[in-house]
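Work through the exercises below with the coordinates open. Each task is followed by a solution in steps.

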Amino acid sequence: MSGGHKAGRVAAPGDARTAPSNPALRHVLTHLVTPLLMCLGMGLAYLGAFVTPEPHHLPVAVVGAGPEAKVFAQTVKDKAGDALDVRTLPDRATAVHQLKDRDITGAYVLDAKTPELVVASAGSDMSATAVEKVFTPVATAQGVPLKVTDVVPPVSGDPTGSGIFFLLIAVSIGSYASVAVLGAAGAGLAARTRVALVAGVSFAVSLIGAAFAGPLFHLVDHGLWGVWAMSWLYSAGILFLGVGLHTFLKRWTTLAVMVLFVMLNFTSSGGLFRPELQNGFFAGLHAFWNGAGLLEGIRELVYFGGHDLARDVWVLAGWLVLGLAVMAIATAVERRRTPAPAAPAIAPSPAEPVDEQEEEEIEEAVGV
């Protein structure tokens, strides 16, 4: 009968795959949130930190005696505004001493015939270039050439001084990428086992970093043991903090460590631009973030006689203590969450693998 032909059509099995309530589609869309947030965060961090470097209270000196030096320094200050902090020094030796103590970024030595700009580019090649751009027009206006003297140049294996920054990136990637493995795949291990693994992995990462810095690329010509020790402190701090956070954040740990140790870390480290060339936010982070502690610590050790090295080591130690504290709290929480022993559960079917979430977390660990 015709009524039979009006009966509802039976849905094909494939139609469920395109339905809005498709669990597989929801699963994919949920996991796309992490890379999209990474894209947003990386853009905001890197462009915000690097796209418009400008001097902010860049410390420089004018070297000379008498009223002439004071008038010249005030003229430079009036033209530069807040871009420069200008002071006067009595002689060149004092200026060199302050450069090696990293109190100033450059010193302009007054001379009617051969003015000289003294810099220490190992502290920051970009800062030295910024100072040169300030004083070259001054000498040009006087009709004389400007002599530039670099009293603390980087080693021959790292002529621009940027190799230490890329070393920081390598050690960071080895550390925060390992968080995904130790946090997710190692979630079922005893806390003491994970602590031992963190110590071992951070030791391995620091050895790799020391090999890069020394025999492989010759980024440093002395102080390699100190570079290794600081790299171990740095790596262990990241790993303990990341593995501890995994107890609370689960698969969002990857995004969290990317924010902490990439987006905010590399941008505030001083590797490309020191805080005097950055805005207040990233300049402020430079004072206590762990990447700045490692990078400036290596600079202090290798180039500046360890002048302010203790402060940088304390920064690294502080992050390690923070990581150990978070790990201890996570261990206590896990013990309270552990249920009483029960009868063995029925083995899961092949369609529901027990390690699916852990595998997804591990795969979400990405580099820079």
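## Exercise 1: the second largest pocket

The second largest pocket has a volume of about 200 Å³. A pocket is an open set of points on a 1 Å grid over the protein atoms alone, where a 1.4 Å probe fits, with protein on both sides within 12 Å along at least five of seven lines. A volume is the space filled by probe spheres set on the points, which are joined across faces, edges and corners. The model is predicted: local features need pLDDT of at least 70, side-chain atom pairs count only at pLDDT 80 or more, and totals for chains, interfaces and linings use all residues. Residues are numbered from 1 along each chain as its sequence is written, and side-chain values use heavy atoms, with hydrogens and water left out.

Task: list residues of the lining, then sort the lining by element and class.

Solution.
1. Lining residues have an atom within 4 Å of a point; among them are Phe72, Thr75, Val76, Lys79, Val134, Pro137 and Gln142.
2. Both α3 (67-80) and α5 supply at least two residues each. Helices (H or I, at least four residues) and strands (E, at least two) are DSSP runs, numbered from the N terminus.
3. By class, seven of the lining residues are nonpolar, two polar and one charged.

## Exercise 2: the largest pocket

Task: state the volume of the largest pocket and describe its lining.

Solution.
1. The volume is about 430 Å³.
2. The lining has 27 residues, of which Arg102, Arg274, Glu276, Glu296 and Glu300 are the closest to the centre.
3. Two or more lining residues come from each of α5, α12 (290-303) and α13 (309-337). The most come from α12, with four residues.
4. The class count is ten nonpolar, seven polar and ten charged residues.

## Exercise 3: the sheet

Task: give the strand order, find the edges and place the helices.

Solution.
1. The order in the open sheet of five strands is β2-β1-β3-β4-β5, with mixed pairing. Two strands pair if DSSP finds at least two bridges between them.
2. β2 (84-89) and β5 (147-150) each have a single partner strand, so one side of each lacks a neighbour in the sheet.
3. β4 (residues 116-119) and β5 run parallel and are joined by four bridges. Val118 stands opposite Thr149 in β5.
4. Helix α4 (residues 92-100) lies across β1, β2, β3, β4 and β5, at about 30 degrees to β4. Helix α5 (residues 125-142) also lies across β1, β2, β3, β4 and β5, at about 15 degrees to β3. Angles run from 0 to 180 degrees between N-to-C directions of axes fitted to C-alpha atoms, for helices over the stretch in contact (heavy atoms within 4.5 Å).

Definitions and conventions
Nonpolar A, V, L, I, M, F, W, Y, C, P; charged D, E, K, R; others polar.
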